[in-house]
Amino acid sequence: MYRRGRKLRLAMVLLATTFAACTHARSGGHASRPSFDLIQRGRYLVTLGDCTACHADPTRSDSPFGGGRPVETPFGKIVAPNITPDRETGIGNWTAQQFDDAVRRGRRRDGKRLYPAMPFPYYARMSAADVGAIFAFLNTVQPRHHAVAADRLPFPFSIRANMIFWDWLYYRRGEWRPSPGRSAAWNRGSYLVLGAGHCGACHTPKTFLGGDEHSHDLQGYALDGWFAPDLTDDRAHGLAAWTTADIAGYLETGHNRFEAASGPMAEEVKDSSSAMSEQDLTAIATYLKGQESVSQRFTALSPDNPMMVAGGAIYRDTCSACHKIDGSGVPYLIPNLAGSAAIASRDPTTMLRVILHGAASVATRDEPTGPQMPSYAWQLDDVQVAAVATYVRNSWGHAAAAVSESAARAARHASSTAAR
Amino acid sequence: MTRRLPHKDVVIVGLGWTGSILANELTDAGLDVIAIERGPWRNTATDYPPTYAQDELRYRIRHELFLQPAQTTFTFRNKMSETALPIRNWGAFMPPNGVGGGGVHWNAETWRFLPTDFELRTHLTKRYGAHFLPADMTIQDWGVTYAELEPHYDRFEYLCGTSGQAGNLQGKILTGGNPFEGPRSRPYPNPPQAQPFSHTLFGQAARQLGYKPFPQPSGNLSQAYRNPLGVRQGPCSYCGFCEWFGCGNYSKASPQTTILPVLVRKSNFTARDQCEVTRINLDPSGRRATGVTFVDTAGQEWEQTADLVLLCAYTIFNVQLLMLSKIGQPYDPVANRGVIGRNFTHQTISDVVSFFDPKKFIFNPFIASGAIGMCIDEFNGDNFDHGPHGFVGGGYMGQVQTNGRPIETTPVPPGTPKWGAKWKQAVKENYLSATKPGTGVHGSMYSYRDVYLDLDSTYKDRLGRPLLRITMDFHDNELKQNRFLTDRFAEIFQAMGAQQMDKQYRRAPYDITDYQTTHLCGGAIMGNDPKTSALNRYLQSWDVPNLFVIGASAFPQNAGYNPTGTVAALAYWSAEAIRTHYLKNPGQLVHA
Amino acid sequence: MSDGIRRRDVLTGAALALVGSAAARAGVIKGELPWKPDEASPPPRVEPGAWQFFTSEELPAIEALADRIIPPDPQTPGGKDAGCVVFLDRQLAGPYGSAAGLYEQGPFIQGVEQQGAQSSKTPAQTYRTALQALDQYCRDGRGSGVPHGKRFAELAPDLQDQVMHGLENGGVQLPGLDAKQFFITLVKDVQDGFFADPMYGGNRDMCAWKMIGFPGARYDYRDWVSRHNERYPLPPVSIGGRAAWRPR
């Protein structure tokens, strides 16, 4: 059932190579034959970085790096390129340096700037050795001749030169450096979260230009009709109730005693974190548990607030079938609403979306069940959706402002558009 | 024009319990498996979510989850001398449809048959003498023993998370369980469900009368459970919308909640829904199946070739496909020859509806699950001496009431008009304080020479194929059995304090409009002799060795229990034979 | 779902089409459980409004029948006010009325009772014939004490009951149909409407459920299963909700 043995060995190789001053990086992908270890390390790093999330060809099931997927950004669609070693349409003619420049500096081969849909501001934290390993691995995948259509950004974002300004604002060069006073696990977690794992790409609030608000690192952000929750140890909105094992287990299997991953996080689990080593998962969890944050707490709404009364009736009459009357759910199957990060979030986007449109949680090897939440869009109107969301967000230790009818209406419209 | 699909190792006809079990076992063995299902894919959250699963009119009255007679049906008559007429709307039984099959809308009553049930003719003859059995009774031994099936019962119970109390653990009789059950190697994986008020009272009354009541083994889970495949289920919420309905909160064992999540992830498994297999194809020798032909919803015909064909449809559809594919010799009741269609059986069901003092009893009948209840097994199988009674067979009985759904379960005392002010008043007064177990007496039905299946010469299905013809009536043995059991059952309700009782004995003639159970059995039975059985002890066709026919169609006669536990145990038993014997040396596993 | 076909495609429904394209409309399931957002097939909510099946000629009779099958009493409305006729109207205008899904191939031969109904008529056709024949029967003044020239709805309640008992026991025959069988169906249909979820037009305000103490579409009694002999405290709820679901 479990792959502990293999993962453990792989992890030991990784830890050894990452922390040692690695000299394996080669100057060119084809110049010399990279070692098996290097390729395997590259393969693992590609998983850590979840490259296929964007670079897979959406029309071909056998082409995880063929490119062509349009990636939604606040500015328009950006199409991910082909990163197979095809000489004409992929990276077959690239040098390791050119590849490194793209991954860590956001520069194309012609020197022009990449849009930050490519999370190079995160990848910049990776070591040269790791990027070299990725390059070595990508050069071993099946080349695919697949010319990818250009970006379709509206003016002025269509002008790549604008990215000079963006880079100046948000891009910081420089590899990640360990913090001496911290444990090896914390440091490894930091490297993964800030680097290849690029967790902040979804979970850190963005400025109006799409750059990270570093003063609120990992404190949650709404995108693509979902809200990526606060990953800090914040008691009101973050993961304070989750132990290190809860976080690591969630990343590995998509499920823990509180939560089930759906939407974009389900994809992340499926393609990336479910294949990470246990050490790396624990490292990420250790790092996240160390992210202290204390946000202002709301006072829970009074139980006799009309929205609470109506929401409580709806909850009791329908939601309790699965989540139980006390919100505790069923561990690893039905989310425990008391400990759910989606409920605790400052922003109810995810919750409204899931109530209205339903959700399928991820199925993984260790947690294959993949339970699903039914859609309530047909059953509850906007004020009822708002009422039940308000009730849940003010029960079992949660406290939040009432969800408005208009927010529910917006979620009904917005997420049904995004879902199509 | 028929289009051909790429060859597979195994093609499975029907993706219900048996199809899912076989597919999982054989994909584990590395085989490339395709399952072809007539009905649609079904999913908890999108097909029967707890937002609208509890719709009595839609699911119970209008039969939404079942096959529609317009797709195909059967013809029926009581006697060979009569003209069979088509079943235009379902009644006596409900053929399932769709992925998960009957596992979607069953009660989840998860029983084992008694050890003596598998060696029935030998056992009864030995105890009572051959003359004790009616001359036209055609009961047989199964060719497999309880001891051989025990590990497979065990696997199914642990797959489902069956909730119950062991009564015989490795030969040791345990208090609170069924002392008559065969020895089990392990306890049930989960403790019994909580029992509502009337069910609890029934248990107490039965104990006072000297019986040994026990909770019905239930696939509605008493607590959260993770099965050996890693699939999780939640605890049953006693919603009272179980059988006839899909379960909205992952708490009833079904292929969906136990196997399919793992099965669909396998790269060597494919399922096709909305495709109806029309025949099994044979090579020119007639001794080897080459695959199946099916039609999709657009009417396009396809051929799927495979090395191994597994027939896993609902019992009598298995029989029909064998007949339409001309596999095996059709049964001829006059000449008493042939095997396909013989030993067809159903169940002998009756009920006692009881009325209690509304001022003293609030039963809240709507709080229940599909397999809830307290039962006794003193009158099942050969657990009691039949000598003085002049019949064989028996059944369990219990307060197994599954619901208080008001269209179905608003009983009124005998003598109440069926409509009008008195009816309305009686409904109102008795709803909370009446008991209506439903299938309270769950009796066996043994096989007879003149109860059988063949093809109808008049009526056709939508594809122009002849309908299967059912010739079925109750025989005196079953009617005597039912009278005896129903009277014993009523005594327990009397002891509970019932003021009034409606003893609804099972009566002849067999009525196709009156729902009894969906436990049709036989027609392609297993056994040791190819002259009297269609399948060998591994459910392998005697005639076409690369064809296995899995299901209650293999039961030589029906016992006094719900069949699913035994059907699933046979599926695991057959899968093991395929994995450990057949694959190494494909061919006939038993040489008669 | 096969490798590389991704959740995002599933969200758009593309994946099933992609892998299923080989087999016309029949679906191929592989790799992942199929799922789409918003997927649900709830029952359509019956809205009050124009009659869809019954004609103005038929309505008085069917309303009177509904009120004799379920007469009003001080606590609970009768069949008519409970919406049973609305229920029946929408059912007869829908799949039930047209016998959708039932086996309708001939030949139609009358068999014995235990072989089930063998009529080639749909429920809609049967109701149409029966209601007209019932009024005609009454106008003809054929029952004992039934005055000449009055339609069923115009008879006094006890005379209506008398005619209905005649239908029930076979004493009253109607041309063109099996009146006894029709009456069984009618009683069943009206009572079905009384007890079905109010979404279907009957059981108005869950009056039938309130009458008997059935809590309706609730799905969780884990807190009450072991509370023996105690009245369940919560009011009924419909698939369409209840008044308390709306903030006041």
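Start in chain B of this predicted model and select β4, β3, β20 and β19: in that order they form an open sheet of 4 strands with mixed pairing. Colour β4 (85–86) and β19 (452–460) of chain B separately, since these stand at the edges; each has a single partner strand, so one side of each is left without a neighbour in the sheet.

Now zoom in on the middle of that order. Show β3 (residues 74–77) and β20 (residues 466–471) of chain B, which run parallel and are joined by 4 bridges. Which residue of β20(B) stands opposite Phe76(B)? Label Ile470(B) and you have it.

Next stop, chain C. Pick helix α4 (residues 84–93) and helix α7 (residues 179–195) of chain C, whose axes come within 8 Å and cross at roughly 110°. That makes α4(C) roughly perpendicular to α7(C). The crossing is right-handed. To see what meets there, show Cys84(C), Phe87(C), Leu88(C) and Gln91(C) from α4(C), then add Asp189(C), Val190(C), Gly193(C) and Phe194(C) from α7(C). Sorted by class, this contact has 5 nonpolar, 2 polar and 1 charged residues.

Keep chain C on screen and bring in chain A. Here 36 residues of chain A are in contact with 27 residues of chain C. On the chain A side, select α11 (263–271), α13 (306–323), α16 (382–392) and α17 (405–419), each of which supplies at least two residues. Linger on α13(A), which gives the largest share of that side, 9 residues. Finally, colour the side of chain A that touches chain C by class: you should get 20 nonpolar, 11 polar and 5 charged residues.

Key
Residues numbered from 1 in each chain as written. Chains lettered and ligands numbered in written order. Predicted model: local features only at pLDDT ≥ 70, side-chain atom pairs only at ≥ 80, totals over all residues. Pairing = 2+ DSSP bridges. Axes fitted to C-alpha atoms, helices over the stretch in contact; angles between N-to-C directions. Parallel < 35°, antiparallel > 145°, perpendicular 65-115°, else oblique. Left-handed = near helix turned anticlockwise from the far one by under 90°. Contact = placed C-beta atoms within 7 Å. Nonpolar A, V, L, I, M, F, W, Y, C, P; charged D, E, K, R; others polar.
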